[in-house]
Amino acid sequence: MPFANFKVPAGSLDEKQKELIVTRTTELYVEIYGERARAATMVLVEEVADGGWGIGGDVLTLAMIQDSSED
């Protein structure tokens, strides 16, 4: 069964955006494996608590991510 796991900052995506991740990821697997993959593809969108992850040794928060996207 194809499986994709996306970890995103809590509160960074709305329900429509999460749905888009699920549908596009499923379509990608179908493109690769064929139509038989559609019914078996599992996509998990996990929200990570604010401050629960980091890059390059620095803890990130949603505020930091939002600030950097405005540059």
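Helices and strands here are DSSP runs, at least four residues for a helix and at least two for a strand, numbered from the N terminus. With that in hand, Ser 12 can be placed in the loop between β1 and α1. Keep in mind that this is a predicted model.

**Exercise 1. Lay out the chain: how many helices and strands does the chain have, and in which pattern do they follow each other?**

Solution. Start with the count: there are 2 helices and 4 strands. Next, walk along the sequence, and the order comes out as β-α-β-β-β-α. Now pin some residue ranges to those letters. Strand β1 covers residues 3–9 and holds Ala 4. Helix α1 runs over residues 15–33, with Thr 25 inside it. Helix α2 takes in residues 62–69, and Leu 62 belongs to it.

**Exercise 2. Describe the overall dimensions: what radius of gyration does the chain have, against a compact globule of 71 residues?**

Solution. First take the reference: a compact globule of 71 residues would come in near 11 Å, but this chain has 15 Å. Then look at the C-alpha trace, which spans about 40 × 25 × 20 Å along its principal axes. Turn to the surface next: about 5200 Å² is accessible, and carbon and sulfur atoms own 56% of that. As for burial, 21% of the 71 residues count as buried. Finally, check the contacts: among those between residues at least 6 apart in sequence, 62% join residues at least 24 apart.

**Exercise 3. Tally the charges: how many positive and negative side chains are there, and how far apart do the centres of the two sets lie?**

Solution. The chain carries 6 positive side chains and 13 negative ones. Take the centre of each set, and the two centres turn out to be 11 Å apart.

**Exercise 4. Work out where Thr 25 and Ala 4 sit: are they buried or exposed, and what do they touch?**

Solution. Begin with Thr 25 in helix α1. Its relative accessibility is 10%, and buried means under 20%, so Thr 25 counts as buried. Set aside neighbours within four places in sequence, and Thr 25 is in contact with Ala 4, Phe 6 and Val 43.

Now go over to Ala 4 in strand β1. Ala 4 has a relative accessible area of 11%, so this residue is buried too. Not counting residues up to four places away, Ala 4 touches Thr 25, Tyr 29, Met 42, Val 43 and Leu 44. Put the two lists next to each other and Val 43 shows up in both.

For some distances, measure from C-alpha to C-alpha. Thr 25 and Pro 2 are 23 residues apart along the chain and separated by 10.0 Å. Ala 4 and Gln 66 are 62 residues apart in sequence and 25 Å apart in space.

**Exercise 5. Classify the aromatic pair: how are the rings of Tyr 29 and Tyr 33 arranged?**

Solution. The structure holds 1 aromatic pair. The ring centres of Tyr 29 and Tyr 33 are 6.0 Å apart and the planes meet at 25°, so the pair is stacked. The cut-off doing the work here is that planes under 30 degrees apart count as stacked. Next, place the residues: both tyrosines lie in helix α1, 4 residues apart, about one turn of the helix. Last, compare exposure: Tyr 29 counts as buried at 17% relative accessibility, whereas Tyr 33, at 41%, counts as partly exposed.

**Exercise 6. Go back to the loop: which residues is Ser 12 in contact with, and is Leu 62 buried or exposed?**

Solution. Ser 12, in the loop between β1 and α1, has a relative accessible area of 29% and is partly exposed. Leaving aside neighbours within four places in sequence, Ser 12 is in contact with Gln 17 and Leu 62. Follow the second of these into helix α2. Leu 62 is buried, at 16%. Beyond four places in sequence, Leu 62 touches Pro 9, Ala 10, Gly 11, Ser 12 and Asp 50.

Two C-alpha separations round this off. Leu 62 and Val 8, 54 residues apart along the chain, are 9.8 Å apart. Ser 12 and Val 45, with their positions 33 residues apart in sequence, are separated by 12 Å.

Methods. Residues numbered from 1 in each chain as written. Predicted model: local features only at pLDDT ≥ 70, side-chain atom pairs only at ≥ 80, totals over all residues. Heavy atoms only, no water. Buried < 20%, exposed > 50% of the residue type's maximum accessible area, 1.4 Å probe, protein only. Contact = heavy atoms within 4.5 Å. Rg over C-alpha atoms; globule rule 2.2 N^0.38 Å. Areas by Shrake-Rupley, 256 points an atom, 1.4 Å probe, with all protein chains shown as cover. Lys, Arg positive; Asp, Glu negative; His and termini not counted. Charge placed at Lys NZ, Arg CZ, Asp CG, Glu CD. Phe/Tyr/Trp six-rings, centres within 6.5 Å; stacked < 30°, edge-to-face > 60°.
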